[in-house]
Amino acid sequence: MELIKPGSKIPFTRYRKIAAILSTVINLVVLAFLFFRGPNLGVDFAGGTMAQLKLQQKTSIPEIRQALETVGLGSSTIQDFGQEGANEYLVRVEKVDVPIAKVTEQLKSALTKKFGEGKFEVRRVEFVGPKIGEDLRWRGTMSVIAATIMMGVYIWVRFASAFGAKFGLHFGIGAVIALIHDVLITAGALMLANYEFDLTVVAALLTIVGFSVNDTVVICDRIRENLRKIRRESLENIINTSINETLSRTILTTGSALLVLTALYFLGGAVIRPFAFALIVGFISGVYSTIFIASPIILLWEKSFRR
């Protein structure tokens with residue numbers, strides 16, 4: 001199935017400077033937010049106790065907070081959870097020195113006094129200590145960094161066997177920079193949407209790294225083939241031809257994945273929503289970065305090397 005007419009000659013690399021400026025500005029803004037404001041860490045990374053509540057009747061957050069004040073939990077973070085009308089709430093308690101059984105008992109006692117016996121349900125209570133949260137945060141960050149570097153090394157080795165170590169290095173560096181871009185864009189979107197960073201988000205970022213590098217490999221493979229078939233053309237023309245030839249496949253595969261993720265986002269419930277949201281942003285960013293970042297970097301490095 002061809003969505004793009006065969007023989008199309010869209011000059012993607014012509015817009016590489018605009019794309020580079022736009023991406024650099026956005027990434028710097030995201031980095032500034034990460035360092036000076038920091039992400040909204042979930043219980044997995046920040047530590048604490050999180051409880052998911054379901055009430056039979058529609059209840060406002062101030063009413064729940066008022067109920068929790070009677071047992072000293074009024075400073076807890078409370079937010080709507082689930083679909084509209086589900087009457088589900090997340091209560092995050094930062095008093096990690098209190099045993100989980102004690103927190104659960106206090107929650108049930110306070111809600112029973114306020115709303116009555118059998119009018120609510122404590123669906124789950126999770127506890128993560130501060131040291132464990134810090135360790136999980138470190139391991140999660142390192143896993144994303146290691147995956148990004150290893151993907152770049154893989155592409156370097158893959159293409160070095162065909163064109164030599166120096167030219168293969170261009171492909172590897174382009175892939176790494178594109179992957180860093182995708183991770184930062186996704187992190188920025190999550191902060192903008194005020195989603196929490198937890199282990200689910202780390203899983204989403206690792207999935208994005210895998211998806212984005214797959215898209216990069218497809219286009220780089222076509223560049224490699226065209227470098228052999230149409231040697232007389234300039235590298236810029238070869239890159240544009242390669243992107244045009246693989247564009248239909250990119251749209252079909254990414255579009256199919258986005259349809260599933262969109263359904264997952266709207267129908268999968270609140271627990272899975274940040275994961276689906278991260279993948280939607282990351283997959284779109286992955287296609288963009290492969291075309292407008294990874295491929296132009298190959299061109300830029302080749303021109304610099306020739307000088």
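## The overall fold

What pattern does the protein follow, read along the sequence? Going along the sequence, you meet α-α-β-α-β-β-α-β-α-α-α-α-α. That makes nine helices and four strands. Keep in mind as you look around that this is a predicted model.

Now for the overall dimensions. The radius of gyration is 24 Å, whereas a compact globule of 307 residues would come in near 19 Å. Taken along the principal axes, the box filled by the C-alpha atoms is roughly 80 × 40 × 30 Å. As for what is tucked away, buried residues account for 47% of the 307 residues.

## The largest pocket

Let's turn to the open spaces. The largest pocket has a volume of about 720 Å³. It is lined by 24 residues, and L34, T141, I145, V183 and L205 are the ones closest to its centre. If you want to find the walls, look at α1 (16–36), α5 (130–163), α6 (165–192) and α7 (199–229), the elements that each give two or more residues to the lining.

Which element gives the most to this lining? That would be α5, with nine residues. Sorted by class, the lining of the largest pocket is made up of 19 nonpolar residues, three polar ones and two charged ones.

## The second largest pocket

The second largest pocket comes in at about 600 Å³. Here 22 residues form the lining, and the ones closest to the centre are F81, L90, E196, A270 and P274. Two or more lining residues come from each of α2 (43–46), β2 (77–81), β4 (120–128) and α9 (273–306).

In this second pocket, β2 supplies the largest share of the lining, with three residues. How does the lining of the second largest pocket split by class? There are nine nonpolar, six polar and seven charged residues.

## Aromatic pairs around F292

Searching the whole structure turns up six aromatic pairs. One to look at is F12 with F292: their ring centres are 6.0 Å apart and their planes sit at 70°, so this pair counts as edge-to-face. The two come from distant parts of the chain, with F12 in the segment before α1 and F292 in helix α9, 280 residues away. F12 is buried, and its relative accessible area is 10%.

F292 also pairs with Y288. Why is that pair called tilted? The ring centres of Y288 and F292 are 5.4 Å apart with planes at 35°, and a pair counts as tilted because its planes are neither under 30 degrees apart nor over 60. Both residues belong to helix α9, where they are four residues apart, or about one turn of the helix. Y288 is partly exposed, with a relative accessible area of 24%.

## An aromatic cluster and a charge

There is also a cluster to find: Y195, Y265, F266 and F277 group together as one aromatic cluster. One of its members, Y265, has a charged neighbour as well, since R273 lies over the face of the Y265 ring, at 5.5 Å from the ring centre.

## R16 and a contact across the sequence

Next, pick out R16, which you will find in helix α1. Is R16 buried or partly exposed? R16 counts as partly exposed, at 23% relative accessibility.

Have a look at R16 together with I293, too. They are 277 residues apart along the chain, yet their C-alpha atoms are separated by 7.3 Å.

## N194, with a positive phi

Where does N194 sit? It is in the loop between α6 and α7. N194 is exposed, with a relative accessible area of 52%; the cut-off for that label is over 50%.

The backbone here is worth a look. Most residues other than glycine have a negative phi. N194 is not a glycine, but it has a positive phi of about 65°.

You can also set N194 against S256. These two are 62 residues apart in sequence, and in space their C-alpha atoms are 27 Å apart.

Key
Residues numbered from 1 in each chain as written. Predicted model: local features only at pLDDT ≥ 70, side-chain atom pairs only at ≥ 80, totals over all residues. Heavy atoms only, no water. 1 Å grid on protein atoms, 1.4 Å probe; cavity = no way out; pocket = protein on both sides within 12 Å on 5 of 7 lines; lining within 4 Å. Points joined across faces, edges and corners; volume = space filled by probe spheres on them. Nonpolar A, V, L, I, M, F, W, Y, C, P; charged D, E, K, R; others polar. Phe/Tyr/Trp six-rings, centres within 6.5 Å; stacked < 30°, edge-to-face > 60°. Buried < 20%, exposed > 50% of the residue type's maximum accessible area, 1.4 Å probe, protein only. Lys NZ or Arg CZ within 6 Å of the ring centre and 35° of its normal. Rg over C-alpha atoms; globule rule 2.2 N^0.38 Å.
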